[in-house]
Amino acid sequence: MMKLPAVILTLIVACLCFGCRSGEHASAGEQEAGSGAKYLTVTPDSAYTLVRIVNPQDTSRLLGKYIFMADDSVAPPSDHDGAVLLRPRDLNNLMVYSSVHASALKELGAMEAIKTVGDASYFTIPEIKQGLAEGRIADGGTQQEPVKERILKARPGLILVSYYNGMDLSALQRLGIPVIPLAESCEASPLGRAEWIKLLGLIAGNSAGADSIYNSVSAEYNELKKLASGADKRPRVLTETMYQGVWALPGGRSYAARMIADAGGDYLWADDAREGSIELPFESVLARGKDADVWLIRSYGLQHTTNWLKGLDERYMLFAPARNCKGLWGADTSVPGFYEETPFHPDRLLKDYIRILHPSLLPDYTPRYFRPIEK
């Protein structure tokens with residue numbers, strides 16, 4: 001894996017591989033793919049909608065409570081109990097720190113509301129890049145070092161950030177602008193993660209559109225899962241590569257592990273009880289994974305070949321998929337769409353996995369994200 005700034009690497013891992021937690025929780029069988037979000041509740045009312053975001057590290061506490069008013073002129077409920085009040089006018093000028101959320105807002109028809117972005121260099125969405133180049137969208141700096149003057153000049157009514165363990169929002173909160181930490185990456189259930197589109201639908205003023213997207217994704221995901229359940233074998237699956245001498249793998253109850261199971265695969269660390277990541281030395285991974293049937297590799301902006309893999313570490317060739325150049329698949333996550341699409345459209349990634357693990361089930365489908373790694 002190429003070297004990336006620490007915060008970006010943290011978000012990449014959180015968003016796509018492992019989730020936010022590392023403790024022991026319900027098994028994949030106990031929490032089905034179709035179950036709802038664990039850390040988000042959306043309670044509609046005629047005049048407003050109440051949103052609660054639970055702290056994934058301590059579910060007895062909230063990361064935030066928000067009341068989305070239906071109309072600028074309607075009085076808020078008298079018992080809002082410290083919730084942050086958000087009116088439609090607050091949602092016409094947004095600051096967004098993640099291309100994942102910006103992409104969802106685009107899908108919901110709210111791209112024009114994004115007036116400021118953070119970590120701007122990591123956005124691949126054409127409208128964002130063009131807006132930055134033309135000065136229509138402000139660059140608000142990084143999440144760790146926001147540029148106060150630019151943000152206050154842009155006057156966003158709401159700031160959206162990606163939650164991760166140990167994050168410090170104090171610098172942003174001191175600006176006096178409401179901040180919503182979106183914690184969808186902490187959901188271990190693929191459809192639980194996808195359900196956070198409903199919160200973005202509220203922010204976009206398009207709840208009906210968000211419900212439609214989620215219902216469609218849920219139906220497609222469950223149909224694909226049912227298809228894969230009929231496979232007559234379950235290939236053994238290894239994932240990822242080392243980074244700075246450590247092999248970070250998805251825990252057995254993680255988002256990534258659940259998707260492999262739903263695709264009809266036998267994830268080699270499925271017996272692990274963690275929803276977060278497992279950090280192992282090379283020797284431990286080799287002992288369990290050397291005879292894997294399939295090896296799924298994600299990397300950012302790199303050309304995938306077996307020579308590339310060998311150049312990273314010659315010992316990778318001890319694994320059967322690399323040695324035999326069979327069952328070795330890579331996804332270049334720098335390609336627009338991978339990071340942006342998969343959190344709220346896990347059905348698309350699941351379809352790739354099924355095609356890789358069980359080609360006969362989807363014979364006419366070309367994977368959207370993954371490609372065979374060849375010499």
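In this predicted model, let's start at a small sheet: Met242 stands opposite Trp247, a residue of β12. Strand β11 is joined to β12 by 2 bridges, and the two run antiparallel. They belong to an open sheet of 3 strands, ordered β11-β12-β14 and paired in antiparallel fashion. Both β11 and β14 stand at the edges with a single partner strand each, so one side of each has no neighbour in the sheet.

The strands of this sheet, for quick lookup:

| Strand | Residues |
|---|---|
| β11 | 242-243 |
| β12 | 246-250 |
| β14 | 277-280 |

Now to the largest nonpolar core, which has 107 residues; Ile180 and Leu199 touch the most other members. The helix that gives the most to this core is α8 (residues 207-229), with 7 residues.

What does Ile180 contact beyond its neighbours within four places in sequence? Its partners are Ile53, Tyr66, Phe68, Leu86, Leu158, Ile159, Leu160, Val161, Leu199 and Ile203. Leu199 thus appears on that list as well as beside Ile180 among the residues touching the most core members.

Helix α8 deserves a look of its own. Its 23 residues should span 33 Å at 1.5 Å a residue, and this agrees with the end C-alpha atoms, which are 33 Å apart. Buried along α8 are Gly209, Ala210, Ile213, Tyr214, Val217, Ser218, Tyr221, Leu224 and Ala228. An α-helix has 3.6 residues a turn, so residues three or four places apart point the same way. The buried residues of α8 pack against five helices you can pick out in the structure: α2 (99-107), α6 (190-194), α7 (197-204), α9 (255-262) and α14 (346-357).

Note on methods:
Residues numbered from 1 in each chain as written. Predicted model: local features only at pLDDT ≥ 70, side-chain atom pairs only at ≥ 80, totals over all residues. Heavy atoms only, no water. Core = buried A, V, L, I, M, F, W, Y, C linked by side-chain atoms within 4.5 Å. Buried < 20%, exposed > 50% of the residue type's maximum accessible area, 1.4 Å probe, protein only. Helix = DSSP H or I, 4+ residues; strand = E, 2+ residues; numbered from the N terminus. Contact = heavy atoms within 4.5 Å. Expected span 1.5 Å × (residues − 1). Pairing = 2+ DSSP bridges.
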